[in-house]
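Subject: Handover of a protein structure and findings

Dear colleague,

Please find below the structure that I am handing over to you. I should be grateful if you would look through it alongside the notes in this message.

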Amino acid sequence: MPRPVGAHLGEAEAERIRLALARNPNISQVAREIGVERSTVRRVRDREGEGAAPAEPPQSSAFRLGGSPESRRIVQLEDEVRRLRTELKVAHRAALDEEAVREIIGSLARAPVEPPNWLLKPATKRKGESTAEVPVCTWSDWHLDEVVSLAETNGINAYNLEIAERRIRTLVENIISICTRHGPGRYPGIVVNLLGDIVSGGLHPELAKTDQEGVLPAVLRAVDILAWAFERMISAFGQVYVPCAAGNHGRNTVKPEFKRYIYKNYDWLIYEFLTRHFAGRPQIRFDIRPSNEVRYRVFGQRYLAMHGDMLGVKGGDGIIGAIGPIMRGEVKTRGQAASSGRDYDVLVIGHWHQELWLPRAIVANALKGFDEYARLALRAIPSEPSQPLWFVHPRRGITSRWNVRVEAPPERADGAEWVSWEGEAA
């Protein structure tokens, strides 16, 4: 509150006004800063103009020669106030940033500690009904936005956004068709492992040059496509549980950074957008963990879901391909999990771009399919783009496994018999 007009002005306060005027000649601003009337500031200024010694510059005033000890103390205090104000502004900005981050990642605090009940308890069976099983599938390595040239893969595969959207529609409809026509027919819900590399991300320089539209448009497109796909899953199965893990292509750092890894990843952003899109819909639950891996159970069978790029192994073998490093990585992962009381029965991963049904691991193929890197750098055998699907029985565990293809199979030759064999030697 401004000092009343006519109140006595002490030397210490006059010194403060002189110092403030040295920093800022605006009388109104100085009056507000000090808390006095403008006329008081003007009087001190005019007195200075009549021959009073000018105030020292503020940056050196704490150590200036002359002046009273009181005035030097005031300067020190003002410097301290300025420093504290600066630190307070920084703290406020940090608090705002943390609040924004908490708002963005708020769903993490709501992540389920355990999978939904329908995954753990078998559905009630009436007389004559088949036992209800849970279908489980993996959606991984879609690489939306990447372009694969048909000519550069020797006519084996092409890929772009239009092809990707068609394949995703085919994937969803084929999963529903297989479950409806070839599965047990009774399902309490479905598990969809969403395991990363959903977008290309421009991870490598050649991808940044050739990707179709850029990572952020691809992220928004992925959200729209996945929102449609999960609506179809809800409609077909009633309940959907979605363990989520981010892949290496989604990261926005040149090299992997292991601290706060998931928060520097476009896959995580896609999952958070989906969580908000389906907010208030109890039929679907997204399980996003800061550890970037999800442990859950389907009835009594324990699963550990992750992308698959961080198994603690590298390389491959010219004869058995990725099976060697994957098996070594599974052994290391299992040892770490068991030592921390998080043992599992089946490891579910993507990343390796080939379908493998191993004794303790299920590896998802890529929706993208064969590409230039696989042809030239790996000399890999081309694999048909697909995603895995399997059924889990309450007592028998995995009962059937499907390779859900997303391209129409080649037509059979006319007149092919249902079975044939070679003729006897003459």
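The notes below describe what was found, beginning with the chain as a whole and ending with individual residues.

**Overall picture and confidence**

Please bear in mind that this is a predicted model. The average pLDDT of the protein chain is 84, and 82% of the residues score at least 70. One stretch calls for caution: over residues 52-65 the pLDDT stays under 50, and the model has 25 contacts beyond four places in sequence for this stretch.

The protein chain contains 12 helices and 11 strands. It has 426 residues, of which 44% count as buried. Among contacts between residues at least 6 apart in sequence, 70% join residues at least 24 apart.

**The nonpolar cores**

In soluble globular proteins, nonpolar side chains tend to be buried together. The largest nonpolar core in this model has 53 residues, and the members that touch the most others are Trp139, Leu144, Phe230 and Met233. Several elements give two or more residues to this core, including strand E1 (134-139), helix H7 (161-181), strand E2 (190-194), helix H9 (215-237) and strand E10 (386-393). The largest share, 12 residues, comes from H9.

Met233 gives a view of this core from one of its members. Setting aside residues up to four places away in sequence, Met233 touches Trp139, Val172, Ile175, Ile176, Ile190, Val192, Gly238 and Val240. There is also a second, separate core of 20 residues, which includes Phe299, Tyr303, Ala305 and Val346.

Phe237 is likewise found in helix H9. Is Phe237 buried or exposed? Its relative accessibility is 8%, so Phe237 counts as buried. Apart from neighbours within four places in sequence, Phe237 is in contact with Pro135, Ile176, Cys179, Tyr187, Pro188, Gly189 and Ile190. One of these partners, Ile176, is 61 residues from Phe237 along the chain, and the C-alpha atoms of the two are separated by 8.6 Å.

**Strands E1, E2 and E5**

Three residues in strands may serve as an introduction to this part of the model. Val136 lies in strand E1, Asn193 in strand E2 and Tyr296 in strand E5.

Val136 counts as buried because its relative accessibility is 0%. Beyond four places in sequence, Val136 touches Val191, Asn193, Tyr296, Val298, Pro388, Leu389, Trp390 and Val392. The C-alpha atoms of Val136 and Arg401 are separated by 9.6 Å, although the two are 265 residues apart along the chain.

Asn193 has a relative accessible area of 0% and is therefore buried. Leaving out neighbours within four places in sequence, the contacts of Asn193 are Val136, Cys137, Thr138, Trp139, Pro243, Tyr296, Ala305, Val348 and Trp390. Tyr296 and Trp390 are thus partners of Val136 and also of Asn193.

Tyr296 is buried, since its relative accessible area is 1%. Between Tyr296 and Tyr344, which are 48 residues apart in sequence, the C-alpha to C-alpha distance is 8.7 Å.

**Two loop residues with positive phi**

Two residues other than glycine deserve a look for their backbone angles. Asp197 has a positive phi of about 55°. Asp197 is placed in the loop between E2 and helix H8 (205-210). With a relative accessible area of 1%, Asp197 is buried.

For Asn292, phi is also positive, near 65°. Asn292 sits in the loop between E4 and strand E5 (294-298), and is buried with a relative accessible area of 11%.

**The second largest pocket**

Which residues lie nearest the centre of the second largest pocket? They are Ser291, Glu293, Met306, Met310 and Gln336, out of 21 residues that line it. The volume of this pocket is about 420 Å³. Helix H11 (residues 323-339) provides the largest share of the lining, four residues. By class, the lining of this pocket consists of nine nonpolar, eight polar and four charged residues.

When you open the model, Met233 and its partners in the largest core offer one place to begin, and the residues nearest the centre of the second largest pocket offer another.

With kind regards

How values were computed
Residues numbered from 1 in each chain as written. Predicted model: local features only at pLDDT ≥ 70, side-chain atom pairs only at ≥ 80, totals over all residues. Heavy atoms only, no water. pLDDT = per-residue confidence, 0-100. Contact = heavy atoms within 4.5 Å. Core = buried A, V, L, I, M, F, W, Y, C linked by side-chain atoms within 4.5 Å. Buried < 20%, exposed > 50% of the residue type's maximum accessible area, 1.4 Å probe, protein only. 1 Å grid on protein atoms, 1.4 Å probe; cavity = no way out; pocket = protein on both sides within 12 Å on 5 of 7 lines; lining within 4 Å. Points joined across faces, edges and corners; volume = space filled by probe spheres on them. Nonpolar A, V, L, I, M, F, W, Y, C, P; charged D, E, K, R; others polar.
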